[in-house]
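Let's take a walk through a protein model together, one piece at a time. Have the sequence and the 3D view ready, and turn the view as you read.

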Amino acid sequence: MDPTRRLPKTNPEDLMAMVRRLVVSKTNVQSAIRHAVDELLRLASVRYYTKQFTQKELNAFATHASRYFELYLPTGSIEIAHTQRYSHRTGKSELCILATRALAPGAVLELKGSMADLTDDEEQDLKRTDRRHSYGGIRRDFSVIHSKQLKKNHLFLGPARFVNHDCDNNCELFREGRYITFRVIKPIAMGEEVTAHYGDGYFGKGNRDCLCETCERRGVGG
């Protein structure tokens with residue numbers, strides 16, 4: 001939420017080495033993930049970031065990190081990829097989720113996320129009108145979800161947040177215990193993007209500013 005914040009950098013190769021060890025590990029999945037998370041917590045930049053954490057916060061951070069490591073397991077069915085679909089609106093390359101094998105309706109994806117409440121100041125910041133990056137006067141960065149039930153915005157955290165909107169979505173969001181994840185509702189081919197429906201008015205009235213592939217194909221939206 002704070003683009004001016006600066007944290008110590010980590011050598012990407014150190015992170016890649018962790019992922020490689022996870023992928024080729026011969027131990028059971030949970031042990032391999034725990035080992036990867038322990039390695040992550042020992043990095044100097046992560047130690048700096050978490051030095052003031054309570055044990056509860058540190059445990060939450062470790063759980064959050066494990067959700068990302070799970071995506072790299074060879075048994076998985078999805079991957080995080082880049083998309084340029086929104087670049088002219090956001091000014092940067094965005095991320096999406098692609099299927100690495102065919103997925104049938106009813107399949108539950110190994111994507112996990114959680115909702116975090118926004119402070120009043122963060123809520124006000126979101127409501128500042130920014131014509132280049134806003135929909136209906138509210139800035140959207142695709143990680144903010146509006147709860148109709150609670151009538152407020154939430155920050156969507158975890159790899160599940162990289163599932164983008166499509167007006168003809170192929171997945172639905174649902175709760176599985178403490179986590180939020182996605183279930184396939186239409187056949188998804190290998191290499192096809194995994195999509196959800198953010199709501200009928202998320203991208204302006206009637207989603208008139210929507211940038212999804214379906215709207216592009218229909219010649220409507222943004």
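What follows goes from the overall make-up to a group of helices and then to a few single residues.

Before anything else, keep in mind that this is a predicted model. The protein has 222 residues, and 40% of them count as buried. Its secondary structure adds up to 7 helices and 11 strands. How much of the contact network links residues that sit well apart in the sequence? If you take the contacts between residues at least 6 apart in sequence, 63% of them join residues at least 24 apart.

Now let's look at how some of the helices sit against each other. Two packed helices are described by the angle between their axes and the distance between the axes. Start with helix 1, residues 12–24, and helix 2, residues 29–42. These two pack at an angle of about 165°, and their axes are 9 Å apart. An angle over 145 degrees counts as roughly antiparallel, so that is what helix 1 is to helix 2. The crossing of this pair is right-handed.

Which residues make the contact? From helix 1 come Leu15, Met18, Arg21 and Leu22, and on the helix 2 side they meet Ala32, Ile33, Ala36, Glu39 and Leu40. Sorted by class, this contact has 7 nonpolar residues, 2 charged ones and no polar ones.

Met18 is a good place to zoom in. This residue of helix 1 is buried, because its relative accessible area is 4%, and the cut-off for buried is under 20%. Leaving out residues up to four places away in sequence, Met18 touches Ala36, Glu39, Leu40, Leu43 and Phe69. Take Ala36 from that list: Met18 and Ala36 are 18 residues apart in sequence, yet their C-alpha atoms are 6.0 Å apart in space.

Next comes helix 4, which covers residues 55–69. You can check its length with a bit of arithmetic: at 1.5 Å a residue, its 15 residues should span 21 Å, and the C-alpha atoms at its two ends are indeed 21 Å apart, so the two values agree.

Which residues of helix 4 are buried? They are Ala62, Ala65, Ser66, Arg67 and Phe69. An α-helix has 3.6 residues a turn, so residues three or four places apart point the same way. The buried residues of helix 4 pack against helix 1 and helix 2, and also against strand 3 (114–117) and strand 10 (179–184).

The pairing of helix 2 with helix 4 has an angle of about 120°, with the axes 9 Å apart. These two helices are therefore oblique to each other, and their crossing is right-handed. On the helix 2 side, Ile33, Ala36, Val37, Leu40 and Leu41 take part, and they meet Leu58, Phe61, Ala62, Ala65, Ser66 and Phe69 of helix 4. By class, this contact is made up of 10 nonpolar residues and 1 polar residue, with no charged ones.

Pick out Ala65 in helix 4. Its relative accessible area is 9%, so Ala65 is buried. Setting aside neighbours within four places in sequence, Ala65 is in contact with Val37 and Leu40. Ala65 and Ala36 are 29 residues apart in sequence, with 9.2 Å between their C-alpha atoms.

Between these helices in the sequence comes helix 3, residues 44–50, where you'll find Val46. Is Val46 buried or exposed? Val46 counts as buried, because its relative accessibility is 11%. Not counting residues up to four places away in sequence, Val46 touches Leu40, Leu41 and Phe61.

Two loop residues round off the tour. Lys186 is in the loop between strand 10 and strand 11, and with a relative accessible area of 32% it is partly exposed. Beyond its neighbours up to four places away, Lys186 touches Leu103, Pro105, Asp168, Asn169 and Asn170. Lys186 and Pro105 are 81 residues apart in sequence, but 5.1 Å apart in space from C-alpha to C-alpha.

Last is Asn207, in the loop between strand 11 (195–196) and helix 7 (213–218). At 6% relative accessibility, Asn207 counts as buried. Most residues other than glycine have a negative phi. The phi of Asn207, however, is positive, near 55°.

Note on methods. Residues are numbered from 1 along each chain as its sequence is written. This is a predicted model: local features need pLDDT of at least 70, side-chain atom pairs count only at pLDDT 80 or more; totals for chains, interfaces and linings use all residues. Side-chain values use heavy atoms; hydrogens and water are left out. The expected span of a helix is 1.5 Å times one less than its number of residues. Buried means under 20% relative accessible area, exposed over 50%, partly exposed in between (1.4 Å probe, protein chains only). Contact means heavy atoms within 4.5 Å. Axes are lines fitted to C-alpha atoms, for helices over the stretch in contact, and angles run from 0 to 180 degrees between N-to-C directions. Angles under 35 degrees count as roughly parallel, over 145 as roughly antiparallel, 65 to 115 as roughly perpendicular and the rest as oblique. A crossing is left-handed if the near helix is turned anticlockwise from the far one by less than a right angle, and right-handed if clockwise. Ala, Val, Leu, Ile, Met, Phe, Trp, Tyr, Cys and Pro count as nonpolar, Asp, Glu, Lys and Arg as charged, and the others, Gly among them, as polar.
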